[in-house]
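Student: Could you take me closely through one part of this predicted model, namely its salt bridges, and say how the residues that take part in them are placed with respect to solvent?

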Amino acid sequence: MFQDKPQLSIVISSKTDMLKMVVELTRHIAILNGFSITDAQKISLAVDEAITNVITHSYQKNEAEKINLEFFSAANGLKIKITFSGVPPTMGEPRVDLNKMIKAKKKGGLGVALMKRIMDSVEYKTIGNINSCEMIKWKREN
Amino acid sequence: MKYFHVRSKLLHEIAVLYPKGHLDAHNVERFEREIIKLVGNDVIKIVVNCKDLNYISSAGMGVIMGYLDEIREKGGDIKLCSLNERVFEIFDLVGFTDIYDFLNDEKTALNKFNDVSR
């Protein structure tokens with residue numbers, strides 16, 4: 001059961017130079033919550049992908065916009081909630097066909113696939129003009 | 001502070017790219033510029049030596065993916081080598097390991113091109 005209040009909540013500018021800081025912060029939070037370094041690195045990549053999508057697609061690189069990032073801990077997992085406005089996101093294809101993407105000379109479209117492969121659940125919601133992306137990773141039983 | 005750098009060298013007709021550091025959406029243009037420059041100069045045999053690459057997000061992988069068709073149509077290829085375990089795992093997560101050659105070291109990657117040209 002996740003705590004009601006976030007363990008950490010930050011607001012960042014919609015700028016790609018924030019990404020490395022977000023990746024490092026997420027990795028630290030995941031390790032603090034008992035994830036292995038390998039899992040923590042993957043979780044931080046999923047957050048990078050989610051924030052990049054917000055900056056690129058929802059805010060179309062408008063650096064004046066803000067993104068809210070919250071981490072909720074539980075004994076057996078970590079939930080990350082990203083809240084933003086702008087263009088509502090789409091989940092994209094559930095599976096990527098790399099050969100098709102290569103033929104189409106596509107450079108984008110891998111981010112959501114990575115998020116889904118790394119996290120146990122990825123959910124986008126839009127209520128009014130507020131969008132959110134909620135991702136959960138459960139700890140593996142050893 | 002710059003946390004990504006890329007340099008390249010040309011060995012006869014094969015270019016070797018050395019991305020270094022943390023490759024994400026913030027600095028992907030630097031990496032893409034190098035690939036565009038090579039392809040624009042008809043250098044279509046490219047080895048990406050990832051020995052100093054600590055991190056890659058889908059932005060970086062997208063650049064490697066976006067030019068592959070054009071390069072293969074011209075008879076070239078992109079091969080990757082010397083990846084650390086963490087970076088290799090990221091490529092593997094999206095299935096790149098089924099599409100690209102991943103080699104242990106630069107020499108093996110260069111030889112792979114040379115074997116094909118013989």
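Tutor: In this predicted model, a good place to begin is the pair Asp77(B) and Lys79(B), whose side chains form a salt bridge with an N to O distance of 3.2 Å. Both of these residues, Asp77(B) and Lys79(B), are buried; for Asp77(B) the relative accessible area is 11%, and because buried means under 20%, that residue falls in the buried class. Asp77(B) also meets the side chain of Arg72(B) in a salt bridge, here at 2.9 Å from N to O. Arg72(B), by contrast, has a relative accessible area of 35% and is therefore partly exposed, since that class lies between 20% and 50%. These contacts belong to a wider arrangement, for Arg72(B), Asp77(B), Lys79(B) and Asp101(B) are linked in a network of salt bridges. As background, side chains of opposite charge can pair when their charged atoms come close.

Another pair in chain B may be set beside this network: Lys51(B) and Asp52(B) form a salt bridge in which the closest N and O atoms are 3.2 Å apart. Lys51(B) has a relative accessibility of 45% and so counts as partly exposed, and Asp52(B), at 31%, likewise counts as partly exposed. To place these pairs in the whole, a search of the entire structure finds 15 salt bridges over all chains, among them the pair Asp77(B) and Lys79(B) with which this account began.

Conventions. Residues are numbered from 1 along each chain as its sequence is written. Chains are lettered from A and ligands numbered from 1 in the order in which they are written. This is a predicted model: local features need pLDDT of at least 70, side-chain atom pairs count only at pLDDT 80 or more; totals for chains, interfaces and linings use all residues. Side-chain values use heavy atoms; hydrogens and water are left out. A salt bridge is a side-chain nitrogen of Lys or Arg within 4 Å of a carboxyl oxygen of Asp or Glu. Buried means under 20% relative accessible area, exposed over 50%, partly exposed in between (1.4 Å probe, protein chains only).
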